[in-house]
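Open the model in your viewer and keep the selection box handy. We'll go from stop to stop, and at each one I'll say what to pick and what is there.

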Amino acid sequence: MSEIPIPAPRTSRRRLIAGLAGAGMLARPALAQAYPVRPIRLIVGFGAGGISDLIARIVAESAGSVLGQPVVVENRTGAGGNIAFEAAARAAPDGYTLLVAGVSTLTVNPVLIPTSSFDAGRDLVTIGPLATTPHVLVVRPGLAADLSAFIARARAADGDMTWSTAGVGTSPHQTMLLTQSLADLRFTPVHYRSGAAGVQAVLTGEVQVTAEATAVVAEHIRAGTLRALAAAAPARLSLLPDTPTAAEAAGLPGLTNGSTIGLAAPRGIPDAIRDRLAVALGEALERPALLERLAQQGTLPLRGDAASFDAHVEEERARWRPLLVGLSAN
């Protein structure tokens, strides 16, 4: 797949190890060799079936094999991922509590809740990127034949049409905000604890529309229980080749967004353990079985380091701030 822009440069495991060694970051072998000696907890801020959960479970299996200890996924849902972020920020910085960190939550936390008792940039450090997947706008069959027809119907509804989201500021929420802005629409959001739950709400008719990661909606689209209006991507997706881009469907080339996921840890984690995790993550993301499972979900692995991932977060914060200012996290 080449349709999703990768926000972090590809870095091979050999280059990563060489870079760490050259910077003197592998000079504390005793601590790194001893770690880990017990299972590692991987916190996810959304419920089962959402893109964060799917990626976490795929990566946890391979990373656990590399590290020689189980990596156990723990779902801590609510507040658009912020409950999980706070749990991770408050955990001991010993490498045994890690966080699946969506770029969206890293981006919006300082904007939406500036008075929070924790701050992702202050209380967490990143290990590196994991994966990315584009969003697809979906509705129930019969609501609208295509994106142009949906836009016309939504304009006529003038705010009465509802859409589902896993929380204010999450990446699907951002995609719907972008849709509103570019197409001059108004929707009423309804919040759920995961992307999968939001999709279920569309399936049952509780809400009319949502934007979600390809992995979360692909099977429903293939089964005909959801209709794909458009992919929020610059090119058609290999997993859904019949789904037009927003540019093709309604002349909205700016409607591009997706879910980009990384790995983070509580600030204060020893450098040797952080480096060990970075190397293990690089090894896991090169395993053919993991790559195949991600591809089956319409998801691309991201190879890079913490610095490149942090730079991408800052770019996204600048991109989304105008749409997020004034929104409430509640």
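Which residue in β6 does serine 164 stand opposite? Select serine 164 and look across: the residue opposite is valine 190 in β6. Before going on, a word on the ground rules: this is a predicted model, in which local features need pLDDT of at least 70 and side-chain atom pairs count only at pLDDT 80 or more, while totals for chains, interfaces and linings use all residues. Residues are numbered from 1 along each chain as its sequence is written, and side-chain values use heavy atoms, with hydrogens and water left out.

**The whole chain**

Zoom out for a moment. The chain has 14 helices and ten strands; these are DSSP runs numbered from the N terminus, with helices being H or I of at least four residues and strands E of at least two. Of the 330 residues, 56% are buried, where buried means under 20% relative accessible area, exposed over 50%, and partly exposed in between (1.4 Å probe, protein chains only). Among contacts with a separation of 6 or more, 80% are between residues 24 or more positions apart; a contact means heavy atoms within 4.5 Å.

**β5, α8 and β6**

Now select residues 162-165, which are strand β5. Thr162 and Ser164 sit on one side, Trp163 and Thr165 on the other, and all are buried. In a regular strand the side chains alternate between the two faces of the sheet.

Add residues 188-191, strand β6: β5 and β6 run parallel and are joined by four bridges (strands pair if DSSP finds at least two bridges between them). Then add helix α8, residues 171-183, to complete a right-handed β-α-β unit. To check the hand, point the strands away from you: right-handed means that the path from the first strand over the helix to the second runs clockwise.

What sits in the loop between α8 and β6? Aspartate 184 is found there. Its phi is near 55°, a positive value in a residue other than glycine, and the residue is exposed, with a relative accessible area of 63%. For another one, try aspartate 158, in the loop between α7 (147-157) and β5. Phi of aspartate 158 is near 50°, and at 48% relative accessibility the residue counts as partly exposed.

**α8 against α14**

Keep α8 on screen and add α14, residues 306-324. The two helices pack at about 65°, with axes 11 Å apart; axes are lines fitted to C-alpha atoms over the stretch in contact, and angles run from 0 to 180 degrees between N-to-C directions. To see who meets whom, show Gln174, Leu177, Leu178 and Ser181 from α8 with Arg319, Trp320, Leu323 and Leu324 from α14. An α-helix has 3.6 residues a turn, so residues three or four places apart point the same way.

**β3 and its neighbours**

Next, select residues 97-102, strand β3. Six of its six residues are buried, with Thr97, Leu99 and Ala101 on one side and Leu98, Val100 and Gly102 on the other. Bring in β1 (residues 40-44), which pairs with β3 in the parallel sense over three bridges; leucine 42 stands opposite leucine 98. Then bring in β9 (residues 258-266), which pairs with β3 in the antiparallel sense over four bridges, with leucine 263 as the bridge partner of valine 100.

Which residues does threonine 97 touch, leaving out those up to four places away in sequence? They are Arg41, Ile43, Ala88, Ala91, Ala265 and Pro266. Run a C-alpha to C-alpha distance from threonine 97 to proline 266 and you should get 7.6 Å, though they are 169 residues apart in sequence.

**α5, α4 and a cis bond**

Move on to threonine 105 in helix α5, residues 103-112. At 2% relative accessibility, threonine 105 is buried, and among the residues that threonine 105 touches are Asn82 and Phe85. Both of these are also among the buried residues of α4, a helix spanning residues 82-89 in which six of the eight are buried.

For a last stop, pick tyrosine 35 and proline 36. The peptide bond between them is cis, with omega near -5°, and proline 36 lies in the loop between α2 (29-34) and β1.
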